[in-house]
Every structure is written in C-alpha cells, then in structure tokens.
Amino acid sequence: MAEEYELNEIDDTLHGSVGSRLSLFARELKSRRSSSWHGGTALRLPKDLYDSLVIHPNGRWYRIWANMMFLWSIYSTFFTPFEFSFFRGLPEQLLDLECVQLVFLADVAVHFFLAYRDPHTYRMVYDKRRIALRYIKGSFALDVLGCFPWDAIYKVTGRMEAVRYLVWLRLYRGRKVMAFFKAMEKDIRVSYLLTRIVKLITVELYCTHTAACVFYYLATTLPPAREAGTWIGSLSLGNARYINFREVDLLTRYVTSLYLAIATATSTR
C-alpha cells in the first residue's frame, strides 16, 4: 500500500546574514513588481511624496546622464593639471572650456533627487530629505568647490597664487573613473586581465601627464630673469633653444615636458 506524504511549507526565519539578505532581496523584488513606474524606469513616485519625483539610479535617462558625466570627468581629471601648469600660456579657446563647470553644477543638483540603496536594509530610499542629508554629509562640499571658477577668482583677488591651488579640488571627480574600473573588474562579461591592463595603462598615462605639468609649473615659479637656469630654459635640442621658453608654442612646451617626465621616470633607480 503506497504511503502518502504531505509537504508542509516551512517559514523561512533565518537570522543569519545570508538568510536575511536573501529575504530582503526577495521582498524588494516583490515591491518592485507591484509598484508603478512613470517615464520608463528613470523616475519613481515615492509613496510619501506624491507631488515630487525622485530619480532612480538604474533608470535609462540617468544612466545616459551618468555616462556623459563619466566622459566629462575624464576630461576634467586630465585637463586640471594642464590648466594649472600652463595657465599663463593657454589659448582663449581652451579657457572658454571653463563653462563646462556648469555641467558639473547641474550634476550636483541631480544628486539631491537621486535615490540610493540603504547599506543596512538593502532597500531603495526615495525620501528626498534623507537623500539630501546623505549627499550633504558626503561629497557635496567637494563637488561644489570644484565648480568654482578659480581662474577668474585668481584674477579678481589680485592674482594670489594660493587661490589657484584650489583648482586641484577638481581631481576629486576622478572617483567616477575609479568606480568605472571597479565595476568592470566585477563584470564577468569583461575580461579581468584586459580590464587590469587598460587600468594600468590609464594610470601610467595620467601619472606621466601630471608629472609633465608639474615640471613645467616649477620652471615658471622663478622670476623671468632666472628662467634661463631652469631645466627647460637651459635645454637645447638640436638647433632649438628654450631660453625664452614662454614664447615657444604650447604643444612644443608640453611635449618637451612629457619628454622630461618620461626620461626622469625611466632613469630613476
């Protein structure tokens, strides 16, 4: 005689870290399916704030915006050392690029409406007050200071050299580039070895670029009467002499600085 067995449902009451995270993830998945979304997946209407919209970090439009800001962050990270060191000889066309700081200022405003995942409950937070407080306590100050037109403030304040050093605050935007490589290293669809190679090449290029800019800036810190004794003022390459190096075109000065940076890095033991 065949025996009959009955399977009873077992209530999952695991209190361990793995069980808790899995149950929270399941509940979050159910809440996503039952919630209503507006404008694709980019915007969600919070339950307690029906008259306002909060940007979802996984939304299509925000991903486009984040990718655009990633490209601008690469530009800002490389251009900041160049702008600081070659400031006195930059063409007006390059100085006009200072208006790009308005894009980063807009990104600051976007972060006040950007939802985030709570690190303790693993739930998305859509409360605007909590979002704003979290951003203000985080990177808000550095983001805003990086948007200041420090070159214009430098001229207004009587060309105080200490003011121009604040332009280096914009290097904080490089965290977006670092976050990109971290995401690529965790992505199983991308070769980890290839990601590490590209990351290494990027770091080497950036360090060489920054060193070249710093070397040139050090040569400009001396009075004009003593510039002939600097590394670039005393340099002779063939028939070319750099005694009055400020009158040399910008590209030649930058390539010469790159040459010194590479030669110094490869010959130092």
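## Rings, charges and cavities

Tutor: In this predicted model, the charged end of R173 is placed over the ring of F104, 3.7 Å from the ring centre.

Student: Which other ring has an arginine over its face?

Tutor: That is Y154, where R164 lies over the face of the ring at 5.6 Å from its centre.

Student: Back to F104 and R173, then: which cavity do they help to line?

Tutor: Both belong to the lining of the largest cavity, which they share with D107, V108, H111, Y135, D143, R175 and K176. Two elements give two or more residues to that lining, namely α4 (101–111) and α9 (175–186), and α4 gives the most, with four residues.

Student: How much space lies in there, and what classes of residue surround it?

Tutor: The largest cavity holds about 80 Å³ of space, and its lining comprises five charged residues, three nonpolar ones and one polar one.

Student: How many cavities of 30 Å³ or more does a search of the whole structure find?

Tutor: The search finds two, and the second largest has a volume of about 50 Å³. Its lining is made up of Y75, S76, F79, T80, E83, L97, E98, Q101, R170 and R173, so that R173 appears in this list as well as in the lining of the largest cavity.

Student: Which element gives the largest share of that second lining?

Tutor: The largest share comes from α2, which supplies five residues. By class, the lining of the second largest cavity divides into four charged, three polar and three nonpolar residues.

Student: F79 is in that list. What kind of aromatic pair does it form with F82?

Tutor: Among the 19 aromatic pairs that the structure holds, the one between F79 and F82 is tilted, with 6.2 Å from centre to centre and 40° between the planes. The two residues both lie in helix α2 (residues 60–85), where they are three residues apart, about one turn of the helix.

Student: Are those two buried or exposed?

Tutor: F79 is buried, and F82 is buried too.

Student: And which residues make up the aromatic cluster they belong to?

Tutor: F79 and F82 form one aromatic cluster together with W72, Y75, F86, Y216, F245 and Y254. Of these, Y75 also lines the second largest cavity, as F79 does.

Student: Changing topic to the loops: which residues that are not glycine have a positive phi?

Tutor: Y122 is one of them, with a phi of about 60°, and R159 is another, with a phi of about 55°.

Student: Where do they sit?

Tutor: Y122 is in the loop between β4 (116–117) and β5 (124–125), while R159 is in the loop between α7 (150–156) and α8 (161–164).

Student: Why is Y122 called partly exposed, and why does R159 count as exposed?

Tutor: Y122 has a relative accessible area of 31%, and it is therefore partly exposed, because that class runs between 20% and 50%. R159 counts as exposed because its relative accessibility is 52%, and exposed means over 50%.

Student: What about T230, where is its place?

Tutor: T230 is in the loop between α10 (192–220) and β6 (236–237). With a relative accessible area of 7%, T230 is buried, since buried means under 20%.

Student: What does its side chain reach?

Tutor: The side chain of T230 reaches the backbone oxygen of E227, at 2.6 Å.

Notes. Residues are numbered from 1 along each chain as its sequence is written. This is a predicted model: local features need pLDDT of at least 70, side-chain atom pairs count only at pLDDT 80 or more; totals for chains, interfaces and linings use all residues. Side-chain values use heavy atoms; hydrogens and water are left out. Rings of Phe, Tyr and Trp (its six-membered ring) pair if their centres lie within 6.5 Å; planes under 30 degrees apart count as stacked, over 60 as edge-to-face and the rest as tilted. Buried means under 20% relative accessible area, exposed over 50%, partly exposed in between (1.4 Å probe, protein chains only). A charge sits over a ring if NZ of Lys or CZ of Arg is within 6 Å of the ring centre and within 35 degrees of the ring normal. On a 1 Å grid over the protein atoms alone, a cavity is a set of points where a 1.4 Å probe fits but cannot get out, and a pocket is an open set with protein on both sides within 12 Å along at least five of seven lines; lining residues have an atom within 4 Å of a point. Grid points are joined across faces, edges and corners, and a volume is the space filled by probe spheres set on the points. Ala, Val, Leu, Ile, Met, Phe, Trp, Tyr, Cys and Pro count as nonpolar, Asp, Glu, Lys and Arg as charged, and the others, Gly among them, as polar. A polar contact is a pair of N or O atoms within 3.5 Å; within protein, one must be able to donate a hydrogen and the other to accept it, and residues adjacent in sequence count only if both atoms are side-chain atoms.
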